[in-house]
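Subject: The structure I promised

Hi,

Here is the structure we talked about, ready for you to open. Have a look at it first, and then read on for what turned up when I went through it.

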Protein chains: 2
Amino acid sequence: MRITAIYDSVESIASDIQNAYINFSQMTCSVVAVVTDQIVDGRPVVGFGFNSNGRYNASGILKDRLIPRLLEANPDDLIDSEGFLDPHLAWDVMMQNEKPGGHGERSVAVGVLDMALWDARAKMQNRPLYQLLAERAQRTPDDQVWVYAAGGYYYPGKDIVGLQDEFRQYLDLGYTVCKMKIGAASLGHDCDRIEAALQIVGEGNLCVDANGRFDRETALAYADAIQQYNLFWYEEAGDPLDFDIQAALTDAYALPTATGENLFSHQDARNLLRYGGMRSEVDYLQFDCALSYGLVEYYRTLDVLADYGWSPRRVVPHGGHQMSLHLAAGLGLGGNESYPGVFQPFGGFSDELTIEASYVGLPNSPGLGLENKANYRKMLKDAFGDRLALA
Amino acid sequence: MRITAIYDSVESIASDIQNAYINFSQMTCSVVAVVTDQIVDGRPVVGFGFNSNGRYNASGILKDRLIPRLLEANPDDLIDSEGFLDPHLAWDVMMQNEKPGGHGERSVAVGVLDMALWDARAKMQNRPLYQLLAERAQRTPDDQVWVYAAGGYYYPGKDIVGLQDEFRQYLDLGYTVCKMKIGAASLGHDCDRIEAALQIVGEGNLCVDANGRFDRETALAYADAIQQYNLFWYEEAGDPLDFDIQAALTDAYALPTATGENLFSHQDARNLLRYGGMRSEVDYLQFDCALSYGLVEYYRTLDVLADYGWSPRRVVPHGGHQMSLHLAAGLGLGGNESYPGVFQPFGGFSDELTIEASYVGLPNSPGLGLENKANYRKMLKDAFGDRLALA
């Protein structure tokens, strides 16, 4: 078994949304195809991967460093004792001659390839990835995963009506918990928006997300003002690396906070647990494997969590993609984000999966199973159809 | 005044050296030329920048994101009240629509352009950059900067002789303080190497560098073993983001430690000061602007240092390049690294500058003044000569 080719492509993941920090109009995403000579059902196994939204394509690092290292490696160095492609071994090859520290961008590039390698690996064993992960973890996989609808954007000129209409759509789709942006307006206006949203989703079902925009004083002022609303969680108040703000927040705010989508290594995750004052019975962690050196590194991050007394059930990954859905069901995470309708074709889950009472089932197809998603399949055909025979 | 073009190129910065973590045989570097329509001495001002050694080229991020943003910006948004190109304003433009956190690679790309922008800015005022920086800081610039020779590699089969020969060459070049690698051999063998090196450089003149390789136990075992040698500093014992190792080290080891070359933002630097147990009267900080979002971000880092009671004199940047030489003299840092002979043509200082008693003077040419370095000038000609009229 060997990798015969790796193709990469840059695709648009643009949307017209905007959070408190950035707009997404120029956002791009890397897509890779890892082609192997392992035959399953008469065809060579190909694994596909992509990166999550919010960070740009990683094309330069993929082409200059990671893809050449994988293709130049001795094929035997990528295969485990069962004779299959081993993403853990591939990880060590990709990270050859990389210095420690500086976890950003490179972590995205590794995450893209890691996803494709796990997709290929599970396809080689002709089963959905989550089943493979559960078996390796010696646990019974979850047969459904809790998901919440992320969105809750600003609608200039019709903020209240626009937000309520958006959340009504999410409830119609089967979600019960919804998340809205805060921090791009005054505290007073954000409170008006929160109250309007609560009218739709009901008490206990609303998350708010500041996208790391607040300084300490503002983070605490919001905490004080929103405590009355009994929110599901208060997300990423301050800069993701300012653990002192997070610690001050968990000190002042009794209800759940959530953060971690902008921490991209187990070392950064460990620093959050060491210094951020996070409460293992109350708060949520949102690390996204597709931005953070992939599942191989995610295992290390979960080990760090265990060292600090955290259950994987406190982890609800950022990103709203099907890779994290497999992790959640296979490894027993607490759930997964979902972005109904945006970041297409990379966001969301296989077309046959529907949401009921904020839970979603798992795909039956081998690997990640995203080929059952029509717009994803079309994107793959457009990107790689000239080089790969795609159904 | 406006930017008329930005060119970029990827150059080899390969060397046959190896530290405890990586080898440098495939190392590359980004070089950029920022072309303006500002005429000085009859020619349009062009600023040049490059990134430091140890991290790879940032071509993808430069081409996809940063260069287009600068070229598409309204030229007036890049000019300060004096009518000159303003690197601070350019920084905000480059970082548009970038999420917080994840400081690596992107920090290199911004650092490369920031260097070119400062080079251009100082050339527009027809003076060396360090003078401009000192004036802005309302201080008298230093007329010389302390430098030390970094190297001290492993020489398989002739470790002792090879190391002693290498350090003799550095002393002949005018250095008194030298730095050697540790951590790629046993503690016993490294102690033999340290004793051999001390025979050449003399007590008090030797630094050792573990390049982040050690776990806590090993870091402390080395600290215990080397305390007897009265070393100049003990550098980067553990993972750059494992601040607990650093704190344990400064607790156990009375002599100076040094770290920071793999922290790439003021937020990461602040975490080192908050959690790493660093002693402002004893230890050294080694942040490298060319890898860390450039001088604009370095000002923020220096502000963080001041907040935590640190003098800029405790800062001795990594990298051995002339940009940090200007920062050191202009802003009153403690010195600068030097890599005699390696990482060429990007390492080292203008050809007319010589080292005496481990001090080096400053270049007289406008900007960074690296065009006086023959191999750098030749590299620029090879990279950009088809698009730029270069002397």
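Just after helix H4 of chain A, A:Gln138 takes a positive phi of about 55 degrees. Keep in mind throughout that this is a predicted model. The helix before that residue, H4(A), spans residues 129–136, and its buried residues are A:Leu129, A:Tyr130, A:Leu132 and A:Leu133. Viewed down the axis of H4(A), these fall within an arc of 160 degrees, so they line one face of the helix. Their packing partners are H3 and helix H11 (322–331) of chain A.

As for confidence, chain A has a mean pLDDT of 96, with 98% of its residues at 70 or more. The model as a whole scores ipTM 0.96 and pTM 0.97.

Helix H7 of chain A (residues 216–226) makes a nice companion to H4(A). Buried in H7(A) are A:Ala219, A:Tyr222, A:Ala223 and A:Ile226. Around the axis they cover an arc of only 105 degrees, which puts them on the same side of H7(A). The spacing fits a general rule: an α-helix has 3.6 residues a turn, so residues three or four places apart point the same way. On the other side of H7(A), A:Glu217 and A:Asp224 are exposed. The buried residues pack against two helices, H6 (187–201) and H8 (243–252), and two strands, E6 (206–209) and E7 (233–235), of chain A.

Next, the domains. In chain A, the assignment gives domain 1 as 3–126 + 375–384 and domain 2 as 136–371. Their C-alpha centres lie 24 Å apart. Contact between them involves 35 residues of domain 1 and 36 residues of domain 2. On the domain 1 side, the elements that give two or more residues are strand E3 (43–50) and helices H2 (87–94), H3 (106–124) and H12 (374–384) of chain A. H3(A) supplies the largest share, ten residues. By class, that side of domain 1 has 16 nonpolar, 14 polar and five charged residues.

The two chains should interest you too. The contact takes 37 residues from chain B and 37 residues from chain A. Helix H1 (59–72) and helix H9 (266–275) of chain B each supply at least two residues of the chain B side. That side has ten nonpolar, 15 polar and twelve charged residues. How are the copies related? A turn of 180 degrees and a shift of 0.0 Å along the axis lay chain B on chain A with an RMSD of 0.0 Å. That is the relation of a two-fold axis. Of the residues of chain B, B:Gly60 comes closest to the rotation axis, its C-alpha at 2.1 Å. In addition, 100% of the interface residues of chain B are also interface residues in chain A, so the copies meet through the same surface.

One residue to click on is A:Arg55, in the loop between E3 and helix H1 (59–72) of chain A. Is A:Arg55 buried or exposed? It is buried, with 29 other C-beta atoms within 10 Å. Leaving out residues up to four places away in sequence, A:Arg55 touches A:Val108 and A:Leu291 as well as B:Lys99 and B:Gly102.

In chain B, try B:Trp233, which sits in strand E7 (residues 233–235). B:Trp233 is buried, with 22 other C-beta atoms within 10 Å. With the same sequence neighbours left out, B:Trp233 touches B:Cys207, B:Pro256, B:Thr257, B:Ala258 and B:Tyr284. B:Lys179 is 54 residues from B:Trp233 in sequence, and their C-alpha atoms are 8.8 Å apart.

Finally, some backbone details to check before you set anything up:

- The peptide bond from A:Gln344 to A:Pro345 is cis, with omega near 5 degrees. A:Pro345 lies in the loop between strand E10 (336–338) and strand E11 (355–356) of chain A.
- In chain B, a cis peptide bond joins B:Gln344 and B:Pro345, with omega about 0 degrees.
- B:Asp41, though not a glycine, has a positive phi of about 55 degrees. B:Asp41 is in the loop between strand E2 (28–40) and strand E3 (43–50) of chain B, and is exposed, with 8 other C-beta atoms within 10 Å.
- B:Asn230 also has a positive phi, near 50 degrees. B:Asn230 is exposed, with 12 other C-beta atoms within 10 Å.

Happy exploring, and best wishes!

Methods
Residues are numbered from 1 along each chain as its sequence is written. Chains are lettered from A and ligands numbered from 1 in the order in which they are written. This is a predicted model: local features need pLDDT of at least 70, side-chain atom pairs count only at pLDDT 80 or more; totals for chains, interfaces and linings use all residues. Domain bounds come from an automatic or database domain assignment. Two residues are in contact if their C-beta atoms, placed from the backbone, lie within 7 Å. Helices (H or I, at least four residues) and strands (E, at least two) are DSSP runs, numbered from the N terminus. Ala, Val, Leu, Ile, Met, Phe, Trp, Tyr, Cys and Pro count as nonpolar, Asp, Glu, Lys and Arg as charged, and the others, Gly among them, as polar. pLDDT is the predictor's confidence in each residue, from 0 to 100. A residue is buried if 20 or more other C-beta atoms lie within 10 Å of its own, exposed if 12 or fewer, and partly exposed in between; C-beta atoms are placed from the backbone. The arc is that of the directions from the helix axis to the C-beta atoms. Copies are superposed by least squares on the C-alpha atoms of residues with pLDDT of at least 70 in both.
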